[in-house]
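Dear colleague,

I am handing over the structure below, and my notes on what was found in it follow underneath. Please read them with the model open beside you.

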Amino acid sequence: MQNSPVPSPWQFIKENIPLLMVALVLALLLRFFVAEPRYIPSDSMLPTLEQGDRLVVEKVSYHFHPPQVGDIIVFHPPELLQVQGYDLGQAFIKRVIALPGQTVEVNNGIVYRDGQPLQEEYILEPPQYNLPAVRVPDGQVFVMGDNRNNSNDSHVWGFLPQQNIIGHALFRFFPASRWGQLASLSF
């Protein structure tokens with residue numbers, strides 16, 4: 001019986017470099033085009049998302065269909081926020097409240113879409129501000145944080161261009177005690 005020679009460390013590395021390169025390329029392709037992890041840096045989505053939560057954001061579905069009302073989306077800051085000093089590389093996370101052609105209004109603690117009050121059991125507290133009725137332009141959406149009174153969102157800076165959307169927040173993977181899918185709400 002013949003023993004096969006043990007490869008030297010250099011041979012082992014040399015033989016596995018192509019495998020490592022393929023794995024690295026696949027990981028980068030997945031990260032840039034399919035899904036990516038994101039960290040929640042603020043309390044603007046309380047109680048749905050807490051500061052420090054980590055999510056998986058999928059980036060494919062909005063290439064086939066537009067975002068839907070109730071989706072939790074991650075996006076690059078719109079131009080007005082960039083002018084105010086936010087970096088284009090930063091990401092925000094909010095809930096889609098209205099789509100192109102729909103109207104949004106906030107009056108006496110209630111958010112209205114197309115004149116109908118929204119049933120929002122998921123928010124931290126009712127908004128303590130009013131917003132006159134605005135119509136969402138084509139190619140844009142209206143987004144709000146679930147923590148209505150502590151959220152830098154469309155009621156402050158206006159509509160979000162759909163091209164700024166990075167993806168749809170689908171799944172919380174950290175902390176383990178809050179692990180699970182993030183449901184989109186249709187309301």
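**Salt bridges that link separate parts of the chain**

E36 and K59 form a salt bridge in which the closest N and O atoms are 2.4 Å apart. The two residues come from distant parts of the chain, since E36 sits in strand β1 (residues 35–39) and K59 in the loop between β2 (54–58) and β3 (72–75), with their positions 23 residues apart in the numbering. Please keep in mind throughout that this is a predicted model. E36 counts as buried because its relative accessibility is 4%, and K59, at 11% relative accessibility, counts as buried too.

A second pair is made by R95 and D146, whose salt bridge brings the closest N and O atoms to 2.7 Å apart. R95 belongs to strand β4 (residues 92–98) while D146 lies in the loop between β9 and α3, so this pair ties together parts that are 51 residues apart in sequence. Both R95 and D146 are buried.

In a further pair, the side chains of R148 and E120 meet in a salt bridge with an N to O distance of 2.1 Å. Because R148 lies in the loop between β9 and α3 and E120 in the loop between β7 and β8, the pair ties together parts that are 28 residues apart in sequence. R148 is buried, with a relative accessible area of 0%, and E120 is likewise buried, with a relative accessible area of 12%. Elsewhere, salt bridges that share partners join E50, D53, R172 and R178 into one network. The structure holds 7 salt bridges.

**The surroundings of R148**

R148 deserves a separate paragraph. The loop that carries R148 runs between β9 (140–144) and α3 (154–157). Which residues is R148 in contact with, leaving aside its neighbours within four places in sequence? They are I97, V111, E120, Y122, I123, E125, P127, Y129 and H155, and E120 in this list is also the salt-bridge partner of R148 described above.

**The four-stranded sheet**

An open sheet of 4 strands has the order β7-β6-β5-β8, and its pairing is antiparallel. The edge strands are β7 (116–117) and β8 (131–135), each of which pairs on one side only. As a general point, the strands of a sheet pair through backbone hydrogen bonds, in either a parallel or an antiparallel manner.

Within this sheet, strand β5 (residues 103–107) is joined by 4 bridges to strand β6 (residues 110–113), and the two run antiparallel. V104 stands opposite R113 in β6. β5 is also joined to β8, here by 3 bridges and again in an antiparallel arrangement, with R135 in β8 as the bridge partner of T103.

The side chains along β5 alternate, so that you will find V104 and V106 pointing to one face and buried, whereas T103, E105 and N107 point to the other face and are not buried. The hairpin of β5 and β6 has 2 residues between the strands, and in this hairpin N108 takes a positive phi near 50 degrees.

In the edge strand β7 you will find P117, which is partly exposed, with a relative accessible area of 41%. Not counting residues up to four places away in sequence, P117 touches I110, V111 and Y112. The C-alpha atoms of P117 and V106 are separated by 9.1 Å, the two residues being 11 residues apart along the chain.

**A nonpolar patch on the surface**

Finally, there is a nonpolar patch on the surface, formed by W10, F12, I13, I17, M21 and L24, which together have about 640 Å² of accessible area. One of these residues, I17, is placed in helix α1 (residues 9–34). Is I17 buried or exposed? The answer lies in between, because I17 has a relative accessible area of 37% and is therefore partly exposed.

With best wishes

Conventions
Residues are numbered from 1 along each chain as its sequence is written. This is a predicted model: local features need pLDDT of at least 70, side-chain atom pairs count only at pLDDT 80 or more; totals for chains, interfaces and linings use all residues. Side-chain values use heavy atoms; hydrogens and water are left out. Contact means heavy atoms within 4.5 Å. Patches are made of residues with over 30% relative accessible area and no salt bridge: like charges are joined within 9 Å, nonpolar side chains (Val, Leu, Ile, Met, Phe, Trp, Tyr) within 5 Å. Accessible areas come from the Shrake-Rupley method with a 1.4 Å probe; for residues, only the protein chains shown count as cover. A salt bridge is a side-chain nitrogen of Lys or Arg within 4 Å of a carboxyl oxygen of Asp or Glu. Buried means under 20% relative accessible area, exposed over 50%, partly exposed in between (1.4 Å probe, protein chains only). Two strands pair if DSSP finds at least two bridges between them.
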